[in-house]
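Biologist: Could you take me through one part of this model in close detail, and then set that part in the context of the whole chain? I would like a careful, connected account rather than a list.

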Amino acid sequence: MHDTPYFLPCHAIAHARSPYTQRIDAPHQSTVVAGTATAVAAEAVIEFVEGFPAAAFRDLAGFERIWLVFAFHRSEGWKAEVKPPRGGGKRSVLATRSPHRPNAIGLSAVELVAVEETRLRVRGMDLLDGTPILDIKPYVPYADAFPTARAGWIDAIDAAQGRQSAPGPRRPRKTPPPAS
């Protein structure tokens with residue numbers, strides 16, 4: 001065991017350009033859109049930083065889904081236990097998908113709509129506008145999908161509330177004024 005802390009130098013390779021500016025507006029997971037303002041998977045853009053070479057992402061064309069590794073840039077610290085939106089009482093933070101983690105790093109699978117010159121168009125975004133993207137990996141079904149895997153305490157919630165149930169927003173959204 002190493003006692004010396006390890007520091008991983010990271011920098012954003014891209015930023016999310018999404019319709020979500022506040023946490024309350026974004027879905028809890030990229031595939032769970034019930035309770036969002038439109039109730040549909042939002043289209044968004046992954047905009048690469050200036051000078052990032054297209055050669056690094058061009059071969060993503062043809063993949064249906066990609067993994068986004070990102071920084072929870074608005075996270076303000078963490079606690080060992082958190083109260084997840086559908087988990088009853090407190091749970092161990094590492095057994096949840098809370099944005100408040102020991103290292104504020106997230107992972108999200110989104111649908112890849114198009115590979116463009118300096119950006120990717122995606123659908124099913126659950127990230128806030130401006131979220132720094134640290135890395136992107138292709139979703140590979142034979143290696144990334146485990147449909148019969150157990151999900152710990154979430155299995156009990158699914159049994160009680162229905163499979164893949166998810167909460168909507170915690171407070172009602174304000175309806176935007178009509179365009180004039």
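Modeller: I will begin with helix H2, and with the side of H2 that is turned away from its buried residues, where the exposed residues Ala-156 and Ala-159 are found. Please keep in mind throughout that this is a predicted model. The helix itself spans residues 153-161, and its buried residues are Trp-153, Ile-157 and Asp-158. Viewed down the axis of H2, these buried residues fall within an arc of 145 degrees, so they line one face of the helix. Here "buried" stands for under 20% relative accessible area and "exposed" for over 50%, and in these terms Ala-156 and Ala-159 lie on the face of H2 that points away from the buried side. As for what the buried face meets, the buried residues of H2 pack against strand S5, which is made up of residues 91-92. After the helix comes Gly-162, a residue whose phi is positive, near 110 degrees.

To place H2 in the chain, the protein has two helices and eight strands, and along the sequence these elements follow the pattern β-β-β-β-β-β-β-β-α-α. Six of the strands form a closed barrel in the order S1-S2-S7-S6-S3-S8, and their pairing is antiparallel. Within this sheet, neighbouring strands are turned against each other by 45 degrees on average, with direction ignored.

One stretch of the barrel can be followed residue by residue. Strand S1, residues 14-17, pairs with strand S2, residues 43-48, in the antiparallel sense over four bridges. Along this pairing, Ala-14 has Phe-48 of S2 as its bridge partner, while Ala-16 stands opposite Ile-46, also in S2. Strand S2 is in turn joined to strand S7, residues 119-123, by five bridges, and S2 and S7 run antiparallel. In that second pairing, the bridge partner of Glu-47 is Arg-119 in S7. As background to reading such strands, side chains in a regular strand alternate between the two faces of the sheet.

For the protein taken as a whole, 32% of its 180 residues count as buried. Among contacts between residues at least 6 apart in sequence, 79% join residues at least 24 apart. The protein exposes about 12200 Å², and carbon and sulfur atoms supply 55% of that area.

Note on methods. Residues are numbered from 1 along each chain as its sequence is written. This is a predicted model: local features need pLDDT of at least 70, side-chain atom pairs count only at pLDDT 80 or more; totals for chains, interfaces and linings use all residues. Side-chain values use heavy atoms; hydrogens and water are left out. Two strands pair if DSSP finds at least two bridges between them. Axes are lines fitted to C-alpha atoms, for helices over the stretch in contact, and angles run from 0 to 180 degrees between N-to-C directions. Buried means under 20% relative accessible area, exposed over 50%, partly exposed in between (1.4 Å probe, protein chains only). The arc is that of the directions from the helix axis to the C-beta atoms. Contact means heavy atoms within 4.5 Å. Accessible areas come from the Shrake-Rupley method with a 1.4 Å probe; for residues, only the protein chains shown count as cover.
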